[in-house]
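Biologist: I am new to this structure and would like to learn how to read it, one feature at a time. Could we look at it together?

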Amino acid sequence: MVREIMEEGLLTSRYQLPPNETKPTSNGADGDGLTDNLNMPSQPAASSLTLVLVFCTFVAVCGSFSYGCSLGYSSPAETGIMEDLDLSLAEYSVFGSIITIGGMVGAILSGKIADLIGRKRAMWFSDVLCTVGWLAIAFAKNALWLDIGRLLIGLGVSIFCYVVPVYIAEIAPKSYRGSFASSNQLMTSSGFAIMFFVGTFISWRTLTMIGAIPCVVQIIGLFFIPESPRWLAKCGREKEFEASLKRLRGENSDISEEAAEIRDYIATLEQQTEASFLELFQRRYANVGVGLMLLQQLGGNSAVVYYTSRIFKESGISGSLGLQVLAVLQVPAATIGLLLMDRSGRRPLLLVSASGLCFSYFLQGLAFCFKELPNLKALTPPLALSSTLIAATAFTIGLGGIPWIIMSEIFPINVKAQAGSLVTLVNWSTAWIMTYSFNFMMDWSLAGTFFFFSGISGLTVLFVAKLVPETKERTLEEIQASITHFM
């Protein structure tokens, strides 16, 4: 009998049993034993949804919430910080963008840290960095301490960007993995929205405390959740591997098939030589991961988020009103993406997201073109606001979180550290380039800036259509085997 392990017709010889051999049962018998096994109350591990799994995901995405807070902090805090500490625009620009410098350093280390000390300890390490960073900003008396705090936060959240989606992908069964991984983007959007909304009412020092709260919650929660079973299996810690998988799937679940598949896959990977950093570019999965991260940031999202207030002011819109409307929209949009993830799949959502960004940024460019025309100038505020809201919604349901989900799914565990560090570095370094150059681009041409972003989003549509695989309802081992073709 052949055990089917590949969806979409993908079968591999490693998962094929001899023709006359039946699938083993719990009591080792093959005829009546199979019937007896069917009467057992255990359920397939692949379909197990447990409270432990939900709690583990909640604890993990506290890091995503902190990341969202770090993204949304600089825009509403700008006026208060500059007035209280008497900062120049140049000094505040350094404060706003230095998080990406920390992000680049953290990106280089993220994969190795998560591989060396485990997913849980990597999240704990990030929490410490972020908590210290938020406190440094809260009690800052000058620009130096602001920059140190923001740099530490960048280090911490860049590790979160890698380890949170990886941990969720490694603990979730295939039928729920997309939805659970999408909670990463939901919590990022929630943190971002709270900073944007609450930041218009409270002081910038109080606002830092909101960013620190999820770090403290996660530090406590990490004591009560299991380590990633796939990481434990890779490290050869068999008893802990089985205990972790059993705890995640439930005491009445039969984990034997899933555990055997993970062991077989890791045993096969151990026969492969570890790829060098440059050799990763010759692998299809690395090209997909790097391409998605590059296009995500070249599309201008980080720059638009950091300087939303300026965009609204240039459009003739109240900065505080625009931020509040944008904040309210974030969580519903992320919720829609979460609900659709395992129904429609990754590719359709990416295509819709990139198409929406292409359209909305084109409208934004037109809005700034109309600003220069006396007869059409009145159209600029409503058109700019609507295009910003469309862009925010489109990004949140697709390009905001799915590249991180796909990154966590497509990399084999033997190169996940290097490949994950590579794509995280690409993401943060491109974010730095875009956030640093955005003000210069806006000074060059308001309309041209958004026409450029629209063009990049159009290229993203083509990239997704041609190269990005669908990973819905497939185990990590199935996805990686189909991409690498080594089996």
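Biologist: Is Val288 buried or exposed, and what is its relative accessible area?

Modeller: Before answering, I should say that this is a predicted model. A residue counts as buried when its relative accessible area is under 20%; Val288 has a relative accessible area of 3%, and therefore it is buried. Val288 belongs to helix H11, which covers residues 284–298.

Biologist: Which residues is Val288 in contact with, once its neighbours within four places in sequence are left aside?

Modeller: With those neighbours left aside, Val288 is in contact with Ile406, Ile410, Phe463, Leu467, Val468 and Pro469. It also helps to set distance in sequence beside distance in space: Val288 and Val464 are 176 residues apart in sequence, while their C-alpha atoms are 8.8 Å apart.

Biologist: What share of the contacts in the chain between residues at least 6 apart in sequence join residues at least 24 apart?

Modeller: Of those contacts, 81% join residues at least 24 apart. As for burial over the whole chain, 58% of its 487 residues count as buried, and the accessible surface comes to about 19,500 Å², with 66% of that belonging to carbon and sulfur atoms.

Biologist: How many helices and strands does the chain have, and how should I read the packing of two helices?

Modeller: The secondary structure comes to 20 helices and 2 strands. In general, two packed helices are described by the angle between their axes and by the distance between those axes. Here, helix H13 (residues 308–315) packs with helix H18 (residues 416–444) at an angle of about 10 degrees, and their axes are 12 Å apart. Angles under 35 degrees count as roughly parallel, and H13 and H18 are therefore roughly parallel to each other.

Biologist: Which residues make the contact of H13 with H18?

Modeller: On the side of H13 they are Arg310, Ile311 and Glu314, and on the side of H18 they are Phe438, Asn439, Met442 and Asp443. Sorted by class, this contact has 3 nonpolar, 1 polar and 3 charged residues.

Biologist: Where is Thr57 found, and which backbone oxygen does its side chain reach?

Modeller: Thr57 is found in helix H2, which covers residues 51–84, and its side chain reaches the backbone oxygen of Leu53 at 2.9 Å. With a relative accessibility of 5%, Thr57 counts as buried. Leaving aside its neighbours within four places in sequence, Thr57 is in contact with Ile168, Ile171, Phe180 and Ser183.

Terms used
Residues numbered from 1 in each chain as written. Predicted model: local features only at pLDDT ≥ 70, side-chain atom pairs only at ≥ 80, totals over all residues. Heavy atoms only, no water. Helix = DSSP H or I, 4+ residues; strand = E, 2+ residues; numbered from the N terminus. Buried < 20%, exposed > 50% of the residue type's maximum accessible area, 1.4 Å probe, protein only. Contact = heavy atoms within 4.5 Å. Areas by Shrake-Rupley, 256 points an atom, 1.4 Å probe, with all protein chains shown as cover. Axes fitted to C-alpha atoms, helices over the stretch in contact; angles between N-to-C directions. Parallel < 35°, antiparallel > 145°, perpendicular 65-115°, else oblique. Nonpolar A, V, L, I, M, F, W, Y, C, P; charged D, E, K, R; others polar. Polar contact = N/O pair within 3.5 Å; in protein donor to acceptor, adjacent residues only side chain to side chain.
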